[in-house]
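I opened this notebook page to look up the overall build of one chain and then the cysteines of its partner. The entries follow the order in which I looked things up.

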Amino acid sequence: MLTTAHSQASLNIEIISVILPQLIIAFGIALALLLVAWKRSQRTIALFTGAVMLIALVANVSLLTIQPTAVTQLLKVDSYSAFAFSLVLISALVSLHMSHQFLKAHIEVHDEYYLLLMLLVLGAGILVTSNHFASLFLGFELLSISLVGLVGYHRESNFSVESGFKYLILSATASSFMLLGIAFIYSVTGNMSFDANVPNEIYHQQDLRLFFEMGILLFISGIAFKLSIAPFHFWTPDVYQGAPTPVTLLMATISKVAMFVVLVKCVVAQNYLLYDNVQLLLMILAVASMLMGNILALKQQNLKRLIGYSSIAHMGYLLIVVIVLSGESLSFTWQSVLFYLSAYVVANLSIFMVMAAIQSQCSSKVGQLLQYKEELLLSDLRGLFWRIPSHALLVILAVLSLAGIPLTMGFIGKFYILSQATIAHAWWLIVTLVIGSGIGLAYYLPIIFTLFEKEDCTELQANKRPIIEHFLVYSFIIIGLLLGIFPDVVSQFIVSNPM
Amino acid sequence: MTLTFIMLALLFAGALAWFSENRWQGCAKWLALIVLALLATVFTIFVISHDQPFDNLQVLTRVSWIQTFNIEYSIALDQLSIVLITLTWLLAIICVLVSWQEIKQKAGFYYFNLLATIAGIIGVFVAVDMFLFFFFWEVMLLPMTAIIAIWGHEKRHFAALKFFIFTQVSSLFMLVAIIATGYFHLLVTGELSFHYLDWLALDMPLSLTQYLMLGFFIAFAVKLPSVPVHSWLPDAHTQAPTAGSVLLAGVLLKTGAYGLIRFVIFLFPQASMQFAPIAATLAVISIVYGAKMAFAQQDFKRLVAYSSISHMGFVMLALFAFNSIAFQGAIITMIAHGLSSAALFSMAGMIYLRIHSRNLTDMGGFWQSAPRMGGFALAFAGAAFGLPGLANFIGEFFSLVGVFQVMPTFAIIAALGLIGSAIYGMVLFQSSFQGTAKQEILDLSHRELLICSSLFLMLLVIGLYPNLLLNFSFGV
């Protein structure tokens, strides 16, 4: 075991430089605790968190072209994980900006919110680099626990406690399932590392095989819960609706990206797909998600619930890539997954940014306190195009991207998935995808139509909006269009590296 | 380069119209009109001054676009696309003229959408990289859907949604076929390619092409539209504003026919030949069914919409006859139907502007107050049912003659559609312009006179001197 011997060497400079972004976040958390003791100020802690994440992002950029490097047995950093972590950091930064706007409405100082946010990012950072079931579980729990705190954060809100509990209980159940699954897998293979070779004999021994498959089933159901893949999706709409908007954004982006990346890592490394039953299981999950997500979204009037259901469908689309994965075109698979995830993240960031802007605009001042607008209905978007065209344009682009129409990144992402499925001759999955996106249009387009409807409420005037918001909106419009027309700009970052 | 410039200029002019309308009311339509006229001139000069003949596809630009998939930005022209683009220019100008008074609200954004649709349509006719073709195919849909959804009539959202879902779902099948062909090219030659000319050189087995062809065929059959996937068309046409209907019927349906010619028949000749009986059956059903449905309608625009289904059935029937006479007939029918349906929809728009109804029962006896309008309506209805001397007659005659040589039974049944078209043509004219006068309306204004007479003139010229189009070989 040469690699083990090497990785057991003490932390040298090379290894530190490889996990520098994660270390920066971890160090930032410790410093933030000290900062809280020194001065409690909303502004300071927000600025500090932002600075930490920016530094981590800068440190992460240099890792985009790195060779795969193992950091102890637990972590392995490669260009894919670095790319995924950049996505996580970018979403965290946008969410931070939104959170700050949202938390300003309160008199309390919310240091713990920012701490939880950083812990969440750290959890995602561990997840995307994990190479071992132990680190996977560590990251998974870090992510879940901080999310539970964040989901229930807005105590005064109607649904906050309900959704917090719902998430806590289901998330705990999911992680215990996953833990049991990992234990089953370990009991058969005797190794928890992703790199471990699963001996083929397992498959021929009836009792071992049953155990092993059971383990995989439990493990995958744990991950599927996080990804809100049908039939583990029941929490999604409620929690999406009840959580504060910035937290919903975190759930829709960071949690999804990190969990999907680790799923692909695991499936790739362990060759689970060699087992027919696993492939069948994933296929059922994918088909169910594509259909359920899209059908359930059809009559939604609440925007956040709608996005929740659409996320179920999107994870179903993306699962196709995992199902048709083959050993030869691994880098292409990674490229597809990461491109689709970045398209999905950009679209979600865009929509949530506008949602947060509308929410903060619609909130009314009651005495000293700002009454925060909680429910965001489809009708709140009515006539937005004629009032604030830039925001409406961003929503249009994002919705088209989610629907997979050309000019947007979402289309290229769909092109990747269809290419993969076509190469693998997975015709039934393709047919489901086509039907699913057809149904999807029936709820995506009405969003756009609502934007164009005649304005009937004049209460929301385009009053002065912060410069930073304008900057973000315009830059996301440009990013969305540019990357949709010239996807090579992103693809070149997702370079293949020799395994 | 010139074509790319034209498309970008259209988009740019649209954006300019959008912003300038906010500042100077009423300038967007002038801007759109002037830009369209200018660019049409540029296009004409470019085609005339081009030194190579356009008998075969002339690739004008070919640069790398998305390297990951070896996708190129590649555009080309041949006689077929030139003829269709010319039709597009003509109808685009007509569209601006018919919207002149109809569109009052948000005019700037309206003209942006109109110009963007036209840019997309031109893109569809010139793209030869299949990814690029698909790109334009979808991009032209977006502004068109916006036109229906924002400026349409009472059930506009439903109609726009239906239109979009039908086209989008069917085109996803085409996308799968495109990807599959691209990867088959990779399998055979070792290089991924989405270029049309590369695909033409590819030798594909029939067992594969029959499925690939089907993928393309579904997308184009929806656009054409052919029974049984036609149901979006009556809704979309009825609910769209006048210019939207003109553009839909005049040019957008032709992109389906264009696709059938270029990407189904030329790319997969054997598979198409094998598929011909089914396609011809669908076409004949469309002809008879469209005509039958047309004369049962009470809505002026819905009637014309169903007649479009009938006419486009002739195009599909003629194309799948694999006969050069029928092929010529199909192309003339395409042009003729583009002009005549545009004319009828403009007429519907003019009537709607005066009486605010599309219902035939609200009309009647208009001849007494508006004789000039009546004359043109009679002429256009005549064109629609194939009156000799007008363009549609030539197209349908050639189609039927060509089809009769190959599939006589189909031709005989299709000819029944002509009787149907005479009935709905007369129903349309009689119930609107004859009978007791229900109300008085204003006769045509100068602008409307210009629209009607130019369309009529073109129908007459092609009808009397079809060699104008018959001289081209269209790549056969």
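Before turning to charge, I note that Lys and Arg count as positive and Asp and Glu as negative, while His and the chain ends are left out. The model in front of me is predicted, and I read every value below as computed from it.

Entry on charge. I looked up the 22 positive and 24 negative charges of chain A and found that their mean positions lie 10 Å apart.

Entry on fold and overall form. For chain A I found 20 helices and 4 strands. I then asked how the radius of gyration of chain A fits a compact globule: with 499 residues such a globule would have a value near 23 Å, and chain A has 22 Å, so the two agree. Along the principal axes, the C-alpha atoms of chain A fill a box of roughly 70 × 55 × 40 Å.

Entry on packing and surface. Of the 499 residues in chain A, 63% are buried. Among the contacts of chain A with a separation of 6 or more, 80% are between residues 24 or more positions apart. Chain A exposes about 18700 Å², of which carbon and sulfur atoms supply 68%.

Entry on cysteines. I looked for disulfides over all chains and the structure holds 0. Why is Cys27(B) without a bond to Cys95(B)? The sulfur of Cys95(B) is the closest cysteine sulfur to that of Cys27(B), yet it is 19 Å away, which is too far for a bond. Cys452(B) is likewise in no disulfide, with the nearest cysteine sulfur, that of Cys95(B), 14 Å away. I also noted that Cys452(B) is buried, with a relative accessible area of 2%, where under 20% is the cut-off for buried.

Terms used:
Residues are numbered from 1 along each chain as its sequence is written. Chains are lettered from A and ligands numbered from 1 in the order in which they are written. This is a predicted model: local features need pLDDT of at least 70, side-chain atom pairs count only at pLDDT 80 or more; totals for chains, interfaces and linings use all residues. Side-chain values use heavy atoms; hydrogens and water are left out. Helices (H or I, at least four residues) and strands (E, at least two) are DSSP runs, numbered from the N terminus. The radius of gyration is taken over C-alpha atoms; the globule rule is 2.2 Å times the number of residues to the power 0.38. Buried means under 20% relative accessible area, exposed over 50%, partly exposed in between (1.4 Å probe, protein chains only). Contact means heavy atoms within 4.5 Å. Accessible areas come from the Shrake-Rupley method with a 1.4 Å probe; for residues, only the protein chains shown count as cover. The place of a charge is taken as NZ of Lys, CZ of Arg, CG of Asp or CD of Glu. A disulfide is a pair of cysteine sulfur atoms within 2.5 Å.
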